Amino acid sequence: MYHKVLIIGNLGRDPEMRYTPDGTPVTTLSVATNRKWTNSDGSPGEETVWFRVTAWRRLAENAAQYLSKGRQVFIEGRLQPDPQTGGPRVWNRRDGTPSATFEVTADSIRFIGGRAEAGNAAGMSAEAFDAAEEIPF
């Protein structure tokens, strides 16, 4: 069995890097994807979906070093379901309204454009890092 998630979006905040008790680096990214359309009555529609992306080891270090809020990224990874529900992580916002977050573990992160080019997807830069590069065999 196998599944893969592909996300192209913008970072909603700077990456947050920390270390596990055994010293393994882990970085969390908040990535937003946007979709726009025109409704049947001619009015515009828009939807933003947020993903919480976790990167480990060398991939985590590179993401923390090179990424910043607003940067566009292409992430390949896998969904991490909530262990209690089997779906997205459900939580309540500060105002009490319910919300859900899709959790993704990154296998690779490609940095699209430069800092000044945030939002420009004309081509992917050569800055790409894979978690598979860390496997010693």
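Here a trainee and a mentor talk through a few residues and ring pairs of this predicted model.

Trainee: Let's begin with Thr-27; is this residue buried or exposed?
Mentor: Happy to start there. Thr-27 sits in strand S3, which covers residues 25-38. Its relative accessibility is 0%, and the cut-off for buried is under 20%, so Thr-27 counts as buried.

Trainee: Which residue has its backbone oxygen 2.8 Å from a polar atom of the Thr-27 side chain?
Mentor: Good one to look up in the structure. Leaving aside residues up to four places away in sequence, Thr-27 touches several residues, including Val-53, Ala-60 and Ala-64. Of these names, the one whose backbone oxygen lies 2.8 Å from a polar atom of the threonine side chain is Ala-60.

Trainee: Glu-16 also touches Thr-27; with which side chain does the side chain of Glu-16 make a polar contact?
Mentor: Glu-16 belongs to strand S2, residues 16-19. Beyond four places in sequence, Glu-16 touches Val-26, Thr-27 and Thr-28. Its side-chain polar contact, at 3.0 Å, is with Arg-13.

Trainee: Is Glu-16 buried, partly exposed or exposed?
Mentor: Let's place its value between the cut-offs. Buried means under 20% and exposed means over 50%. Glu-16 has 43% relative accessibility, so this residue counts as partly exposed.

Trainee: Turning to the rings, how many aromatic pairs does a search of the whole structure find, and what geometry does the pair of Phe-51 and Phe-102 have?
Mentor: The search finds two aromatic pairs. For Phe-51 and Phe-102, the ring centres are 5.8 Å apart and the planes meet at 40°. Planes under 30 degrees apart would be stacked and over 60 edge-to-face, so this pair is tilted.

Trainee: How many residues apart are Phe-51 and Phe-102?
Mentor: The pair links distant parts of the chain. Phe-51 lies in strand S4 (residues 44-56) and Phe-102 in strand S7 (residues 98-112), which puts them 51 residues apart.

Trainee: And which of those two rings belongs to a buried residue?
Mentor: Compare their accessibilities. Phe-102, at 33%, counts as partly exposed. At 13% relative accessibility, the buried residue is Phe-51.

Trainee: What is the centre-to-centre distance in the pair of Tyr-66 and Phe-111?
Mentor: This pair also links distant parts of the chain, with Tyr-66 in helix H1 (residues 57-66) and Phe-111 in strand S7. Tyr-66 counts as partly exposed at 33%, whereas Phe-111 is buried at 1%. The pair is tilted, with 45° between the planes, and the centre-to-centre distance is 6.3 Å.

Methods. Residues numbered from 1 in each chain as written. Predicted model: local features only at pLDDT ≥ 70, side-chain atom pairs only at ≥ 80, totals over all residues. Heavy atoms only, no water. Helix = DSSP H or I, 4+ residues; strand = E, 2+ residues; numbered from the N terminus. Buried < 20%, exposed > 50% of the residue type's maximum accessible area, 1.4 Å probe, protein only. Polar contact = N/O pair within 3.5 Å; in protein donor to acceptor, adjacent residues only side chain to side chain. Contact = heavy atoms within 4.5 Å. Phe/Tyr/Trp six-rings, centres within 6.5 Å; stacked < 30°, edge-to-face > 60°.
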